[in-house]
Amino acid sequence: MKKTLILNGSPRRGGDTAALLERLIPMLEGEIRQIQAYDGIRPCIDCRACQKSPGCAVRDGMTAVYDAMGECDNILVASPVYFRNLTPPMLNILSRMQVNYAAEHFHGTDLRGGRKRGAVLLVGGGSGRPDLAQITANILLHQMNAWDLHEPVLYLDTDRRPAALAHELDGALRSVADFFNGQK
Ligand SMILES: Cc1cc2nc3c(=O)[nH]c(=O)nc-3n(C[C@H](O)[C@H](O)[C@H](O)COP(=O)(O)O)c2cc1C
């Protein structure tokens, strides 16, 4: 059975990212674990405990991300664009991937589980480009051992029309679902 991890970078529970996920999630087969980046995930503080023993010494919302990373088949990075990049808590998650570097370089181990498929879903109001967000999302996916990537799904016009009304994206959402379900 497929396992999909969704990292939701939006602070708005009923917002644009949520509206698109609401349409995507029912199309996904298997187990789905959605983690809200705004729910208590702190940034890496470079305490260097991961250099002494593998894994992160900080216990917070990130523990669930590490657990899911070890066993999932697919990862979706879903976020609003903030100042052309992902939102700050998504950058917190990225910073906490430093454990993977330490595991490999100081302990010769790999905490990331098997190679995964990945996809990126970004929404923006239209005030700035999503270029840095796309690059950062790809770095995050690579850090989590997701290398087979679907093309990004972007909706960058939410100031004029909420994503809930953007049904022209339904084909792209279906395509992500087929990719994650292993149907292409
Ligand atoms: C702090 C902040 C920075 C933003 N920066 C951008 C930006 O650079 N480009 C853009 O298109 N939209 C930007 N936006 C608009 C949001 O991306 C947009 O409202 C989005 O639809 C919110 O998604 P959500 O409802 O899922 O949280 C920004 C919004 C905030 C609050």
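**Packing of helix 1 against helix 7 and the nonpolar core**

Helix 1 and helix 7 are oblique to each other, since an angle counts as oblique when it is neither under 35 nor over 145 degrees and falls outside the range of 65 to 115 degrees. In this predicted model, helix 1, which spans residues 16-24, and helix 7, which spans residues 170-180, pack at an angle of about 60 degrees with their axes 10 Å apart, and the crossing of the two helices is right-handed. The contact is formed by L20, R23 and L24 on the side of helix 1 and by D170, L173, V176 and A177 on the side of helix 7. Classified by residue type, this contact of helix 1 with helix 7 comprises five nonpolar and two charged residues, with no polar ones.

Within helix 1, the buried residues are D16, T17, A19, L20, L21 and L24. Besides helix 7, the buried residues of helix 1 pack against strand 1 (3-8), strand 3 (74-80), strand 4 and strand 6 (153-155).

L20 also appears in the largest nonpolar core, a set of 46 residues in which L7, L20, I75, L76, V77, I93 and L121 have the most contacts. Strand 4, comprising residues 116-123, gives the most to this core, contributing five residues. When residues up to four places away in sequence are not counted, L121 touches L20, L76, A78 and V153. In soluble globular proteins, nonpolar side chains tend to be buried together.

Methods. Residues are numbered from 1 along each chain as its sequence is written. This is a predicted model: local features need pLDDT of at least 70, side-chain atom pairs count only at pLDDT 80 or more; totals for chains, interfaces and linings use all residues. Axes are lines fitted to C-alpha atoms, for helices over the stretch in contact, and angles run from 0 to 180 degrees between N-to-C directions. Helices (H or I, at least four residues) and strands (E, at least two) are DSSP runs, numbered from the N terminus. A crossing is left-handed if the near helix is turned anticlockwise from the far one by less than a right angle, and right-handed if clockwise. Two residues are in contact if their C-beta atoms, placed from the backbone, lie within 7 Å. Ala, Val, Leu, Ile, Met, Phe, Trp, Tyr, Cys and Pro count as nonpolar, Asp, Glu, Lys and Arg as charged, and the others, Gly among them, as polar. A nonpolar core is a set of buried Ala, Val, Leu, Ile, Met, Phe, Trp, Tyr and Cys residues joined through C-beta atoms within 7 Å. A residue is buried if 20 or more other C-beta atoms lie within 10 Å of its own, exposed if 12 or fewer, and partly exposed in between; C-beta atoms are placed from the backbone.
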